[in-house]
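Thanks for coming. I will go through one structure today, starting with a sheet, then a helix, then a cavity.

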Amino acid sequence: MIYSNLLIFLSAIFLFSITSAPAEPSVPLLESLLRTAVIFAAYAYLARRIFRGAGTRSSAGYFRAEKKLSILAIVLFAGLLFFTDIKYYFAVFGFGDRLPALVNIAGLALFISFLSIMWGAARKSYSVVFGKHYQLSSFLALNIKTNLPIVLPWVALSLFYDLLAIAPFGGLRTFVYSTWGDLLFFGIFLLFVMIFFPPLVRRLWGCMELPEGRLSDHLSEFCRRQNFAVELYIWPLFEGKVLTAGVMGLVPGLRYILLTPAIIETMTVTELEAVMAHEIGHVKKKHLLMYILLIGGFSLVAGLLAEPFFYYVFSFEWVFQLLTGERINPDTLVALVVGVPFLILLLIYFRFVFGYFIRNFERQADLYVFKVLGSIRALVSAFDKIAETSGQSRNKPNWHHFGIGERIDTLEACEKDPSLIARQDRKVRWSLLVYLLVLISAAVFVKQVPTDDMARSYEEKYIELDLLSRVQNIEDKALWFQLVGDLMINRQMERRALVAYNKALEIDPDNPMVLNNLAWLLLTSKDATLRDHLRAMNLAQRAVLKSPEPHVLDTLATAYWANGLVDEAISTEQEALEKATSQRTFYQGQIEKFRTERYEPSSSM
């Protein structure tokens with residue numbers, strides 16, 4: 001269940017991240033709300049209809065219905081993002097792009113709203129299957145708390161990253177955006193996972209310490225004999241009626257083995273020892289660290305491929321024609337032709353690559369029972385009871401654990417030929433080595449891709465196909481490139497705007513509008529690497545000589561301020577204020593800002 005839900009939430013987070021808020025909404029707010037209400041209503045109808053079926057009164061049918069509706073929630077969530085401009089309206093939560101993590105959290109909350117509808121429809125079936133009735137609010141809270149640990153690391157680290165980005169320490173921000181900063185950030189993530197995450201999850205899941213008594217004493221002594229420090233907790237998953245166990249926590253003292261009441265009641269002491277040995281095997285074989293490596297590996301690959309893949313896709317003429325046409329929103333097109341393949345890559349990666357490793361990790365943990373108990377009989381007996389109690393076929397395949405029948409067959413084969421245990425360990429080691437080599441090779445390969453050349457080609461095609469159609473009657477090439485730059489700024493493509501403005505200056509070095517617009521870009525770019533306050537001051541001075549208009553004077557005043565010339569900035573802004581017939585409040589605010597604030601080369605303006 002947890003692994004399947006991980007895929008569902010990863011898909012939702014990824015879908016929200018690849019859609020961008022347009023500069024102007026194509027769907028008015030009321031219409032957007034109406035479309036959203038229709039989508040939610042349709043989902044609610046389907047959820048109630050599915051859970052009214054008699055098949056959902058068994059545990060297998062209940063989980064099958066949840067899986068089906070979770071996938072449908074992803075599909076409808078994608079439709080909501082692409083056809084309602086909901087992300088544009090959610091942008092208000094980001095405080096002017098200062099805290100984009102809050103916008104993403106709002107998007108996650110929107111997806112959880114779909115799941116809440118599903119859980120609301122599932123409540124009666126749940127009470128039949130698991131024998132406990134909940135009020136609607138309590139049932140929703142239970143499900144949210146159960147799934148919250150899946151997204152909690154992402155939420156916490158996104159907020160942490162945004163807070164660092166707006167912190168009033170320019171040097172710290174520069175470090176955070178560097179390679180070493182990325183490593184530090186990953187280290188903080190590991191620290192969070194190791195120290196804060198396990199006790200937090202334990203509380204969210206309502207786990208309670210295994211009561212003192214013969215069983216607790218016996219299992220604790222069993223762990224001590226394995227030189228394994230751990231605390232034992234009861235895990236009330238699905239009212240404790242699911243036969244399962246789990247281990248979490250990398251650090252002794254913050255490490256827990258969780259046992260459901262059903263597994264405690266069903267298993268003999270020897271079988272519980274086998275289950276404990278399996279969970280100990282996960283830790284001894286470093287599987288918990290490997291999970292982090294495997295998740296981080298996908299993030300690395302996706303990050304490396306994102307920009308080259310974008311330019312590759314838009315090298316196709318038909319895609320570019322769609323981008324520069326009027327029939328489809330460019331942001332929607334980018335999300336579809338770039339984002340959807342990455343979403344498919346994510347699903348393939350977690351289903352097959354991640355799935356391959358966690359299946360083999362489970363097999364390693366199974367085989368660790370040989371080392372602890374010297375026999376697999378107790379674990380085989382435990383598996384038989386799990387299959388019998390759950391009603392699932394021994395031969396049913398499982399993408400993340402192997403089927404129970406496969407696991408028993410492997411255990412029995414290793415009992416006949418113990419060399420297969422070492423072979424399994426070698427298989428995992430070699431697989432991890434190949435995985436790391438592929439990651440490194442991918443990183444080296446992507447670095448060799450001529451991304452800058454692809455970007456220039458993209459820009460030239462964009463100019464030719466888009467701007468030629470918009471400014472066919474303009475013979476002034478400097479104005480033509482200026483309009484290109486203005487358009488790129490409007491679409492938040494600052495690096496392309498910089499190239500366009502520079503080309504305009506090559507043609508007409510004294511054009512005051514180009515001088516002013518380029519100076520402003522160099523002062524206020526969101527991309528801190530594009531900022532150049534010295535050049536901006538030179539450009540703004542030249543612009544004022546040609547056209548001492550209020551907005552041009554304001555650019556020069558901002559350039560003086562950026563270069564530490566506060567008195568010159570204030571006097572120039574006062575001159576702009578005296579000439580202004582509109583926006584006087586803005587110019588007055590600029591004077592106050594120059595007096596009280598310092599220019600930060602990497603902050604938003």
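**The sheet, a helix and a cavity**

The sheet is open and has four strands, in the order S1-S2-S4-S3, with mixed pairing. Strand S1, residues 208–209, and strand S3, residues 245–248, are at the edges; each has a single partner strand, so one side of each is left without a neighbour in the sheet. Please keep in mind that this is a predicted model.

How do S3 and S4 run where they are joined? They run antiparallel, with four bridges between S3 and strand S4, residues 256–259. To take one pair, Ala245 has Leu259 in S4 as its bridge partner. Helix H11, residues 269–284, packs on the sheet and touches strand S2 (231–234), S3 and S4. The direction of H11 makes about 30° with that of S3.

Next, helix H24. It covers residues 566–579, which is 14 residues, and reaches 20 Å from its first C-alpha to its last, close to the 20 Å expected at 1.5 Å a residue. Which residues of H24 are buried? They are Ala569, Ile570, Thr572, Glu573, Ala576 and Leu577. An α-helix has 3.6 residues a turn, so residues three or four places apart point the same way. The cover over the buried residues of H24 includes helix H23 (550–562) and helix H25 (584–596).

Last, the empty space. There are five cavities of 30 Å³ or more in the structure. The second largest holds about 40 Å³ of space. Its lining is Phe9, Ile112, Trp119, Ile144, Asn147, Leu148 and Val151. Helix H5 (100–130) and helix H6 (136–166) are the elements that give two or more residues to that lining. H6 provides the largest share, four residues.

Technical notes. Residues numbered from 1 in each chain as written. Predicted model: local features only at pLDDT ≥ 70, side-chain atom pairs only at ≥ 80, totals over all residues. Heavy atoms only, no water. Expected span 1.5 Å × (residues − 1). Buried < 20%, exposed > 50% of the residue type's maximum accessible area, 1.4 Å probe, protein only. Contact = heavy atoms within 4.5 Å. Pairing = 2+ DSSP bridges. Axes fitted to C-alpha atoms, helices over the stretch in contact; angles between N-to-C directions. 1 Å grid on protein atoms, 1.4 Å probe; cavity = no way out; pocket = protein on both sides within 12 Å on 5 of 7 lines; lining within 4 Å. Points joined across faces, edges and corners; volume = space filled by probe spheres on them.
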